[in-house]
Amino acid sequence: MAALRYKSILIIATGQYDKTKGGWLPIVDLSWGTDPHRGAHVITDFSRLCQTKVEAENIGIETGKAWVDARLTGKEPGE
């Protein structure tokens, strides 16, 4: 598991091994704020398989940072 606080948003990334595909898939959990204004978002729709759990975690952190940057500029990631 890798974790990073980035622009006041906590990004937690982990890798999940997919036996059928034979590789690691990133899972990213983002959370921000405090009660009652707490928010969260999960990213799991990765098409690229990683060779290692660490690679999946690193890609997860970078994807999380891109999501945060896009959210702060009002754009969807990938636009």
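Colleague: Which residues touch the most other members in the largest nonpolar core?
Modeller: This is a predicted model. In its largest nonpolar core, Ile11, Val28, Leu30, Ile43, Trp67 and Val68 touch the most other members. The core has 16 residues.

Colleague: Which elements give two or more residues to this core?
Modeller: Strands S1 (2-6), S2 (9-18) and S3 (23-32), plus helix H1 (53-73).

Colleague: And which gives the most?
Modeller: H1 does, with five residues.

Colleague: Any general reason for such a core?
Modeller: In soluble globular proteins, nonpolar side chains tend to be buried together.

Colleague: Take Ile43. What is it in contact with, leaving aside neighbours within four places in sequence?
Modeller: Ile43 is in contact with Pro26, Ile27, Val28 and Leu30. Thr63 and Trp67 are in contact with Ile43 too.

Colleague: OK, the sheet. What is the strand order?
Modeller: S1-S2-S3-S4, with four strands in an open sheet. The pairing is antiparallel.

Colleague: Which are the edge strands?
Modeller: S1 and S4 (39-43). Each of these pairs on one side only.

Colleague: By how many degrees are neighbouring strands turned against each other?
Modeller: On average 20 degrees, ignoring direction.

Colleague: How many bridges join S2 to S3?
Modeller: Nine, and the two strands run antiparallel.

Colleague: Which residue in S3 does Leu10 stand opposite?
Modeller: Ser31 stands opposite Leu10.

Colleague: Switching to the helix. Where does H1 lie?
Modeller: H1 lies across S1, S2, S3 and S4. Its angle to S2 is about 140 degrees.

Colleague: Which residues of H1 are buried?
Modeller: Ala56, Glu57, Ile59, Gly60, Ile61, Gly64, Trp67, Val68 and Ala70. The buried residues of H1 pack against S1, S2, S3 and S4.

Colleague: How far apart are the end C-alpha atoms of H1, and what should the helix span?
Modeller: The ends are 30 Å apart. H1 has 21 residues, so at 1.5 Å a residue it should span 30 Å, and the two values agree.

Colleague: What comes just after H1?
Modeller: Gly74, which takes a positive phi of about 80 degrees.

Colleague: Last one, Trp24. Where is its place?
Modeller: Trp24 is in strand S3. Its C-alpha atom is 8.2 Å from that of Glu55, although 31 residues separate the two along the chain.

Colleague: What does Trp24 touch, not counting residues up to four places away in sequence?
Modeller: Trp24 touches Gly15, Gln16 and Tyr17. Trp24 also touches Arg48, Leu49, Cys50, Gln51, Thr52, Lys53 and Ala56. Of these, Ala56 is one of the buried residues of H1.

Technical notes:
Residues numbered from 1 in each chain as written. Predicted model: local features only at pLDDT ≥ 70, side-chain atom pairs only at ≥ 80, totals over all residues. Heavy atoms only, no water. Core = buried A, V, L, I, M, F, W, Y, C linked by side-chain atoms within 4.5 Å. Buried < 20%, exposed > 50% of the residue type's maximum accessible area, 1.4 Å probe, protein only. Contact = heavy atoms within 4.5 Å. Pairing = 2+ DSSP bridges. Axes fitted to C-alpha atoms, helices over the stretch in contact; angles between N-to-C directions. Expected span 1.5 Å × (residues − 1).
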